[in-house]
Amino acid sequence: MTDTIVQAEHIVHTFGGTIKALDDISVSFERGIIYGLLGPNGAGKTTLIRVLTTLLKPDSGSASVAGVDVIHNPTGAREKIGLAGQNAAVDGYQTGRENLIMVGRLYNLSKKQAKERADDVLERINLTDAANRQVLTYSGGMKRRLDLAASIVGHPEVLFLDEPTTGIDPRSRLGLWEIINELVADGTTLLLTTQYLEEADRLANRIGVIDQGKLIAEGTANELKTQVGGDVIEIHTDDELATVVETLRGVAASEPIVDQGRKTVTIPAPRAAASLLEAVRVLDDAGIEVHDVALRRPTLDDVFLTLTGHATEEAPKPEKQKGRRAR
Amino acid sequence: MTTLSQTATHIGIITRRNVLRNIRLPQLLLFSTVQPVMFLLLFNYVFGGSIAQAIPPVFGSYINFLLPGIIIQNVVFGATATSIGLTEDLQGGVIDRFRSLPMARSAVLAGRTFADIWRSGFVITLMTAVAYLIGFRPLNGFFSLVLAVALALGFGYSMSWVMAWIGLKVKTPEAAQSAGFLPVFPLTFASSVFVPTSSMPSWLAAFAENQPVSVLANTARALILGDAYIQSDPSLVASGATTGSLVLLSLAWIVGIVVVAAPLAVRSYRKTAE
């Protein structure tokens, strides 16, 4: 038997009586893994994290973390979890070290223990050099790292990271990924949400794809890619995309996927190179001018498109559904 | 479960955090202290000449009448900082962090309101010092002055709970600022803070004489200036007020406001944070 550490069952939550943020969603996973919750803005990722971290009582459903019922025993659950939300929730006017000591003290550590723990954690996230500087002077990436540090001060069994690398530069992102991987190597279980397919691909052992408050697919990155059916052909063109779709319908095993923004049409290629040749032939016959055509392994973008019919960047509804906090 | 001593520790930690913010962000300290002093000077020198005609001569100069009132006005204005600070924490995700920790639930609000007492205490001390330089004298002695300041801080504390409630209702710092000033302006201006209420139209005077800001301002004056103040105000004479009865009435307002506003704020805190 696997050791289930997070279990959410049939969670439903509605905001303002109309917007269904979570629509009968169930998620569970075992100790020691990174579970990636992947979905566009407004899919319900943050809302699910808020339920699991005791910040939000759902309308219905049950959830437990490390064996503690988060809905009926939130205080007990808080001993087991760490949370790093979308904003770096650290105080600019305190130093990095002071921020962490404060959090340690709120975990009921003595002053001495809190100082020791702060120094440990600072070393761990490579902030020792900046420890005694006010956080106001930190870069965005450093603030995120400090926020992550604050979330592990209490030795959580499960760590929840809500879009940990949104809005930071690529180099800092790599640094954060490294730290996140080290945390898991030390036995912390992690749930992270992301809109970046690459991030889920790189970090997560298992990925849950969430859209409109529902879990629409789950598996390893490879399993999800297999669902698309092997390789795909991507065609870039300035010609009318609808015509391209019509032309390719005979070749494609399933409905071609259109990305108007990037001006591409993507189709599954079950026979790989043979499919590619066939596609090129029909396009040429139809007189369509092609900028670029490529046969490639499917990315999680393709997975998402295949599963939902829309790209990850565009939410199905214009309104954000994550919480009621103004941003 | 958090024990009582843990709760006290948590409140202390959060209070310290909030006080630290005032100390470490110089522009914040500057504006929260310069503005009240500016008010004091403006009222004294711009309106003082005209208003002095309307106040009984027992006080000497207008500054003696003004300071006890403006201390009360200041703690009410200062209370809006509670709602602004709280909404900033709400937006910045700090409240989420606190709520995900196994800490005392009450510490966030208690730590915020306590921290604002410290700031008000600092500002009142500064204002009193400036007032002294331009002629203010506590006619009834130093001890009575300290007692008046303590009452003012208690009143500021009770108003902090009202502002905490408003802030949690409106949720953003910008809205908190505007919403906070909505009750603050009529309460501080339609009062005996700057002028004797006898000069107001009777319907307004009826409100001004009985609302808490006037009660506190009158009490502060009775303490700082002595019984002569009560004798000088026909409405106070008519109600048979004494310094003692005014102090009791002030305490009743302070306790009453906390008893009503604190549970409202706590309830909003639980809901809003979700």
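Let me start in the middle of this predicted model. The largest nonpolar core has 150 residues, and those touching the most other members are A:Leu52, A:Ala149, B:Ile71, B:Ile72, B:Ala152 and B:Ala220. A nonpolar core here is a set of buried Ala, Val, Leu, Ile, Met, Phe, Trp, Tyr and Cys residues joined through C-beta atoms within 7 Å. Buried means that 20 or more other C-beta atoms lie within 10 Å of the residue's own, with C-beta atoms placed from the backbone. Helix 6 of chain B, residues 142-170, gives this core its largest share, 16 residues. Helices are DSSP runs of H or I, at least four residues, and strands are runs of E, at least two, numbered from the N terminus.

Now one residue from that core. Setting aside neighbours within four places in sequence, B:Ala152 is in contact (C-beta atoms within 7 Å) with B:Ile71, B:Ile72, B:Val75, B:Ile124, B:Leu216 and B:Ala220. There is also a second, separate core of 12 residues, A:Ile233 and A:Leu248 among them.

Next, where the chains meet. Chain A and chain B each put 25 residues into the contact. On the chain B side, helix 1 supplies the largest share, seven residues.

Last, chain A as a whole. Chain A has 11 helices and 14 strands. Of its 327 residues, 46% count as buried. Its C-alpha atoms fill a box of roughly 75 × 45 × 40 Å along the principal axes.

A note on conventions. Residues are numbered from 1 along each chain as its sequence is written, and chains are lettered from A and ligands numbered from 1 in the order written. Local features need pLDDT of at least 70 and side-chain atom pairs count only at pLDDT 80 or more, while totals for chains, interfaces and linings use all residues.

Key. Contact = placed C-beta atoms within 7 Å.
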